[in-house]
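Please walk me through this model in the viewer, stop by stop. Tell me what to select and what I will find there.

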Protein chains: 4
Amino acid sequence: MEQAVTDFVKEISPRLQHWRRDLHKFAESGWLEFRTATLVAEELHHLGWSLQLGKEVIKAEARMGVPAAEVLAQQEQRALAQGALPQWLPHFSGGFCGIVATLATGRPGPVMAFRVDMDALDVVEMQAQAHRPFAEGFASCNEGMMHACGHDGHTAIGLGVAQVLKQFSSRLCGTVKLIFQPAEEGTRGAKSMVEAGVLDDVDFFTAIHIGTGVPAGELVCGSDTFLATTKMDIAFRGVASHAGARPEEGKNALLAAAQATLALHNLPQHSGGSSRINVGVLQAGTGRNVVADRALLKVETRGATNDINDFIYQQALRVVAGAAAMYDVQHEVKLMGAARSCQPTRPWVNYIRQQAARIPELTSLVDSRGQPAGSEDATYMMERVKARGGQASYIIFGTQLSAGHHNEKFDFDEAVMATAVKTLAALAFHIDSFTNE
Amino acid sequence: MEQAVTDFVKEISPRLQHWRRDLHKFAESGWLEFRTATLVAEELHHLGWSLQLGKEVIKAEARMGVPAAEVLAQQEQRALAQGALPQWLPHFSGGFCGIVATLATGRPGPVMAFRVDMDALDVVEMQAQAHRPFAEGFASCNEGMMHACGHDGHTAIGLGVAQVLKQFSSRLCGTVKLIFQPAEEGTRGAKSMVEAGVLDDVDFFTAIHIGTGVPAGELVCGSDTFLATTKMDIAFRGVASHAGARPEEGKNALLAAAQATLALHNLPQHSGGSSRINVGVLQAGTGRNVVADRALLKVETRGATNDINDFIYQQALRVVAGAAAMYDVQHEVKLMGAARSCQPTRPWVNYIRQQAARIPELTSLVDSRGQPAGSEDATYMMERVKARGGQASYIIFGTQLSAGHHNEKFDFDEAVMATAVKTLAALAFHIDSFTNE
Amino acid sequence: MEQAVTDFVKEISPRLQHWRRDLHKFAESGWLEFRTATLVAEELHHLGWSLQLGKEVIKAEARMGVPAAEVLAQQEQRALAQGALPQWLPHFSGGFCGIVATLATGRPGPVMAFRVDMDALDVVEMQAQAHRPFAEGFASCNEGMMHACGHDGHTAIGLGVAQVLKQFSSRLCGTVKLIFQPAEEGTRGAKSMVEAGVLDDVDFFTAIHIGTGVPAGELVCGSDTFLATTKMDIAFRGVASHAGARPEEGKNALLAAAQATLALHNLPQHSGGSSRINVGVLQAGTGRNVVADRALLKVETRGATNDINDFIYQQALRVVAGAAAMYDVQHEVKLMGAARSCQPTRPWVNYIRQQAARIPELTSLVDSRGQPAGSEDATYMMERVKARGGQASYIIFGTQLSAGHHNEKFDFDEAVMATAVKTLAALAFHIDSFTNE
Amino acid sequence: MEQAVTDFVKEISPRLQHWRRDLHKFAESGWLEFRTATLVAEELHHLGWSLQLGKEVIKAEARMGVPAAEVLAQQEQRALAQGALPQWLPHFSGGFCGIVATLATGRPGPVMAFRVDMDALDVVEMQAQAHRPFAEGFASCNEGMMHACGHDGHTAIGLGVAQVLKQFSSRLCGTVKLIFQPAEEGTRGAKSMVEAGVLDDVDFFTAIHIGTGVPAGELVCGSDTFLATTKMDIAFRGVASHAGARPEEGKNALLAAAQATLALHNLPQHSGGSSRINVGVLQAGTGRNVVADRALLKVETRGATNDINDFIYQQALRVVAGAAAMYDVQHEVKLMGAARSCQPTRPWVNYIRQQAARIPELTSLVDSRGQPAGSEDATYMMERVKARGGQASYIIFGTQLSAGHHNEKFDFDEAVMATAVKTLAALAFHIDSFTNE
């Protein structure tokens, strides 16, 4: 890495920390990143990147798991009260908190894209001195929302990359796109950006994550074990009746849900690889002496491949329809999230490994950790890029964690942000050396 | 009771016993009463009753729970080898072992009908000295079939009534019909006789039973607690696959059956009165390591009223269709038997009580025992007669039993047969005294 | 009825209405009748009745379904803010809102007791002009609590009786006890008063209800179809784990609950009479992708007799223990309510009918309505009185309702209160005429 | 391969075919290999191998899935009638049809063992001209038993090896053991031989199979994908009662079995690798109108590792105990078979590959086919040898099949037998060249 870049990143490191901590304090969960998005837009605009915002980069119908309208409205008001910038807010209103920033060099060359995500989790952050964000005053002030997965860091990294690339834009060729995605948690947001066409001109795509158990100093250059997944809410609607006096007049949604649950958990045996199903939540009924007329299941399927996940998912749809028929109740399945399995492309992984070798902080470079991971909707973006013949990978920057992801004590070593900025910058600066062998 | 009739019945009592023991020895279960029916037909023909046989009195499509064709054929051959009369057998061939004998007096008067049933049960009779049929040499020689419900006695009573009424036919008016029904066990046969029109001219109908816990000397003149019932076989057909190597290729009929079973047993809560369901038999699968492609459920529903039973039955159909849909398997529901709840008509019960008072052996006359009983398909006949404005009842002659009905040690005090013959004769002889108050 | 009593009741009728409407407005649900109880105590004390309060008449350990301590404390504060009398409140603090008022005449005679209940329901009252309590300004101001079962009227009747009996106390002999019970809804309170010994000296016991579908002008003198019941909350506690990454580390409380639910609904087939079970509420799990570690079932059993209910209940305990064992989760069963089946004593029903004949507003007197009813925990009191050889009944005063019980639009014709006061007074005034034939 | 050996094997090839076809015709399934074992013993004895027989090599208590005593007795009689040799039969009587033949050279050297299995399957062989065994007159004459997995060939190979090694015994050193195992199907027999100590002196162990989809000419030198498995029969015993009249008196084994089935199929989600469960057979109940008092489940678990299988198995035991408790029925779990996952030892696989290179018929040598396979109880033997520090592998000789294993049309190209004999002989003859690198 050239010294100038290294020096510049060092110089902006305090701002990376500042951004991260500000975002951490005003944590906003999926589709509600109103304040976050306005600040990001302002910063990028200030730096001179071209912006596409809101519905330009998010297809409304392809969004999944969007909160109810009243929640969106409330949270937008809260965001305003917490410093969201009114000049940008209208773009994101209604749950369209996505941004694509573009830097077209005018010089011939490919289109390269980086994806970072911006959403927090529905977790109550620990309020205790032992937890650094609390001790240092940047714990979440939004109860029930917490950056417990590091996306605050991802957003800061994205802003850092925007600064560095702008600063050294003369070294770039082609076009660079920075994608700031909402609602990655629950794998709800990426598909809507893909369907808005955001990836349709991208030749080289890289999504990033920090942590996930990777040791500090290590870079996973081509994480390849994400499970395909589908998330769904299943509602059963029957007819209530007095359970003692008129049991035969009820249509029992609770029993339909119980029966469906057992059958759903019967599904996942597949010779093609790992498959999963989970009914994580079952809520049914209103009173002890009433035949329950409503039930809700929160379900997810997963599979080592898209085919396996689709198989389990299709079976699940059949199971719930059958269970509803058994008890003569209505049912509705609402898609709440989805992600794909997706293999990084080999040449791009090789290129990433080569460029990462330039970064002294990265002392270990591996292609994959091999272990089954969770799910990631950046896979939708990877799939689209690959479908067009492009190169794609998903990379993970190791860092010391104070607790596991999604835990109320989650925190990370902020030094990883500078490392990530430098690595992504290196990918951009040397793209002319990429060879597809 | 006039002395002449009493004396005559006393005279034929040994023949009642002879018939009963012969039928007991060559027990034939439902739809397989080939030998029985030929002997009954011969006797009635010899006495001079007009006969309608086989398909004349049994509507083929309305039969339920008929054994497979090869079983019918085998048992017909066995009947021949055991003394079935070849001149009558063709009428009954294929499972049409019903007889209606008619005595038209030519004198004005109503049509009166008595029903007796002829079938044995699928029970292995006890072979031990303590069991009188064995000790006295008339235990069933047909392994797995036994007259453990007294229908051998019923048939003998029917033949006794035929003799007495013929002997004293000058005292009769109108028309008398004797209905010898097959396949009462499992409530499979009566409906087919009703649909053949056998009851369509009947003004006064009486079905009989002996035993059932009623003490010797007592007559129940209007048993009114039969439960409506539906019997069905439910077959699920899926797709087999190797459970270890290709679990996802199977469509699991066993799981569909298990799920249906639990849901069926969830059904019977009804504010209208007693309701029941039972999955009595579940047979599924062929090998431990094979996803089961076949399952069979033997199910019955019951209800204190026809409406309750129909409600449970309709729900059961829905449940099995839903369970099949859940596991993507085929299913077929086969009706195997059915009976109705039915109240005797009050004036007829009163008349029976009055006539029974003439029989000195009947020392206790009650209308009903009040306790929930099983099911009886003579209720179909009662319902048809009542629908036409006729009178109907179901009467039970108490007698000492050696063991409960359907038990391998079942036997009864044969003296009840003469009592029953006299009582039914009295109903016929005094019909001109009936008043519908 | 003597004119003097009639006139007096007419005179106090406005106060009956006033009390009822005040209680209606400040509705308090079971174990939370803090304001209600202080007002009742003050009134009775003012009239000169001897009082036993709180723990004197309620055995702490025998209470069922008591709200959590923080709810009790909050509601007690709210009651104070809404006019609960501080001088009486300490007696009822902590959920002991029961009162027994005694009038010992000093003259020889039996002990007679009347029971009224004071609790509201957890129902949100309709706020609309079409609903009289709203139109006339006495709809509940406590959201989520509503007198939708008429206990406000019962309490007012109790106070009216207290006035009349005091006014004409010279006509009484023996002792009269007025029992003001908390937490009848959910059948949670009566048992604790029985176990405190409140009924141990009672010779004649009468519990009352208004409405329940009985037409205006009719008195049911001996309601005899209450079902025995047991209410329970069943909690399963397992171990959470990530459903995708570590499914085998979880112990699934949701599956245990689903399995238990199906098995519980398999229970109720009983030849002895009606039996019921209902899992009315199932709440399980915290997140879609987490193996659920907690589940809660709200269950009730019912039976036409105590034996049937006990049988179903015992089986239910076995089922939930087995289901917990299947999934290796902990479980806890918490008794939340219970009531008995109980037959009124015949002589007392006769006496009530005779006395009611004196009340011109009562134009129809029946012993029973015959139809299956819900459950009532006054049956515990009846059972105790009968066990000591006393007489007991449960009577229902018909009245015009605006909507069924437990409905958000429930209201009743307040004229029924004066009728009830006069009827109960008549029972007390003429007890010397009671004969146990 | 030296010409002398090649020539000798060619010379005995007709006898290999003769043996195989004789065994095929008189197929005997697991633990019933009475005739087979006497013929093998006679042949080995004649050749001069030292024999250990029956209980010397089979530990009675460690046998699994042994047929009922009356079946053993019947089949032993049938074997006699079909030519079993009376002088050897007593050793095997009662289901102890195992043989270990030993050739101790007296020269220093290791102990080497080969395992072949002798049992047929419970399959009805196709009787049609298109099926060579039928066309050429050696189809099974024992209806319902068929060598549909090639163990007839394995036994013939074992006898061929016995001949060759004896013929050229001067080239051997150390000791050679030939293990003829009963009841490999259902993985029932190997453990009993291991526990009898048969493997306790073995340094080099090789089990063989033919076919399994491996193409003709290929040798799999170290098959490594066998799943660990446990087979069990689970019997529930409740109490029967009349489902209509006395439902509450029954203890329902059928419902317990249905509930257990659903819960068992809920088990297999494991992050460690493939896991399986299958309830392949469910048989419950005796009559439609009877609360079922008996139920039987035939179940198997599988796992990619012993740990996974053990985990699923232990959970399954818990599930069935819980289900029995739910319905208050007794239950019994009977172990019917078991096998282990087991990796071949690398040096031994290398040695096998080297030696196989000498055999011109083997044109393709691979270590593993990689695909998930079924289960094999030779893994118990491998595990024991490895536990003592020995070398072990499982090898598969490809051959052309007429239909898949366990199919009624199964047949194989008998030329594979000579190839196998030569390969095993080569392993024995060159053991001094083995090096553990």
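**Stop 1: chains B and D**

Select chains B and D and show their contact: 36 residues come from chain B and 35 residues from chain D. Keep in mind that this is a predicted model.

Colour the chain B side by element. Those giving two or more residues to the side that touches chain D are α8 (253-264), β9 (275-284), β10 (290-291) and β11 (294-303) of chain B. Highlight β9(B): with eight residues, this strand gives the largest share of that side. Now recolour by class. The chain B side divides into 17 nonpolar, 13 polar and six charged residues.

Zoom in on β9(B) and strand β8 (residues 275-284) of chain D. The two strands run antiparallel and are joined by three bridges. Pick B:Leu282; its bridge partner in β8(D) is D:Ala284.

**Stop 2: chains A and C**

Move to chains A and C. Here the contact takes 36 residues from chain A and 35 residues from chain C. On the side of chain A that touches chain C, α8 (253-264), β8 and β9 of chain A each supply at least two residues. β8(A) gives the most, with eight residues. By class, this side of chain A has 17 nonpolar, 13 polar and six charged residues.

Select β8(A) and strand β8 (residues 275-284) of chain C. Three bridges join them, and they run antiparallel. Click A:Gln283: its bridge partner in β8(C) is C:Gln283.

Next, superpose chain A on chain C. A rotation of 180° with 0.0 Å of shift along its axis does it, at an RMSD of 0.1 Å. That is the relation of a two-fold axis. Which surface do the copies use to meet? Of the interface residues of chain A, 97% are also interface residues in chain C, so the copies meet through the same surface.

**Stop 3: the sheet shared by A and C**

Stay with A and C and show strands. An open sheet of eight strands has the order β10(A)-β7(A)-β9(A)-β8(A)-β8(C)-β9(C)-β7(C)-β10(C), with antiparallel pairing. Go to the edges. There stand β10 (330-339) of chain A and β10 (330-339) of chain C, each with a single partner strand, so one side of each has no neighbour in the sheet. Look along the sheet for the twist: neighbouring strands are turned by 25° against each other on average, direction ignored.

Now select strand β8 (residues 275-284) and strand β9 (residues 294-303) of chain A. They run antiparallel, joined by nine bridges. A:Val281 stands opposite A:Lys298 in β9(A). Add α9(A), which packs on the sheet and touches β7 (228-237), β8, β9 and β10 of chain A. The direction of α9(A) makes about 160° with that of β9(A).

**Stop 4: helix against helix**

Keep α9(A) and add its counterpart in chain B. Two packed helices are described by the angle between their axes and the distance between the axes. The axes of helix α9 (residues 306-327) of chain A and helix α9 (residues 306-327) of chain B come within 7 Å and cross at roughly 175°. Are they roughly parallel or roughly antiparallel? α9(A) and α9(B) are therefore roughly antiparallel to each other.

Show side chains for the contact. α9(A) brings A:Arg318, A:Val319, A:Ala321, A:Gly322, A:Ala323, A:Ala325 and A:Met326, and α9(B) brings B:Arg318, B:Val319, B:Ala321, B:Gly322, B:Ala323, B:Ala325 and B:Met326. The residues of this contact divide into 10 nonpolar, two polar and two charged.

Check the length of α9(B). This helix has 22 residues and reaches 32 Å from its first C-alpha to its last, close to the 32 Å expected at 1.5 Å a residue. Then step past its end to B:Asp328, where phi is positive, near 55°.

**Stop 5: the sheet within chain D**

Isolate chain D. Its open sheet of eight strands has the order β1-β2-β4-β3-β5-β12-β6-β11, with mixed pairing. Mark β1 (50-53) and β11 (364-366) of chain D as the edge strands, each pairing on one side only. The twist averages 20° from one strand to the next.

Zoom in on strand β2 (residues 99-104) and strand β4 (residues 175-181) of chain D: six bridges join them, and they run antiparallel. D:Thr102 stands opposite D:Lys177 in β4(D). Finish with helix α12 (residues 415-429) of chain D. This helix packs on the sheet, and β5 (204-210) is one of the strands touched. The direction of α12 makes about 170° with that of β5(D).

Definitions and conventions: Residues numbered from 1 in each chain as written. Chains lettered and ligands numbered in written order. Predicted model: local features only at pLDDT ≥ 70, side-chain atom pairs only at ≥ 80, totals over all residues. Axes fitted to C-alpha atoms, helices over the stretch in contact; angles between N-to-C directions. Helix = DSSP H or I, 4+ residues; strand = E, 2+ residues; numbered from the N terminus. Parallel < 35°, antiparallel > 145°, perpendicular 65-115°, else oblique. Contact = placed C-beta atoms within 7 Å. Nonpolar A, V, L, I, M, F, W, Y, C, P; charged D, E, K, R; others polar. Pairing = 2+ DSSP bridges. Expected span 1.5 Å × (residues − 1). Least-squares fit on C-alpha atoms with pLDDT ≥ 70 in both.
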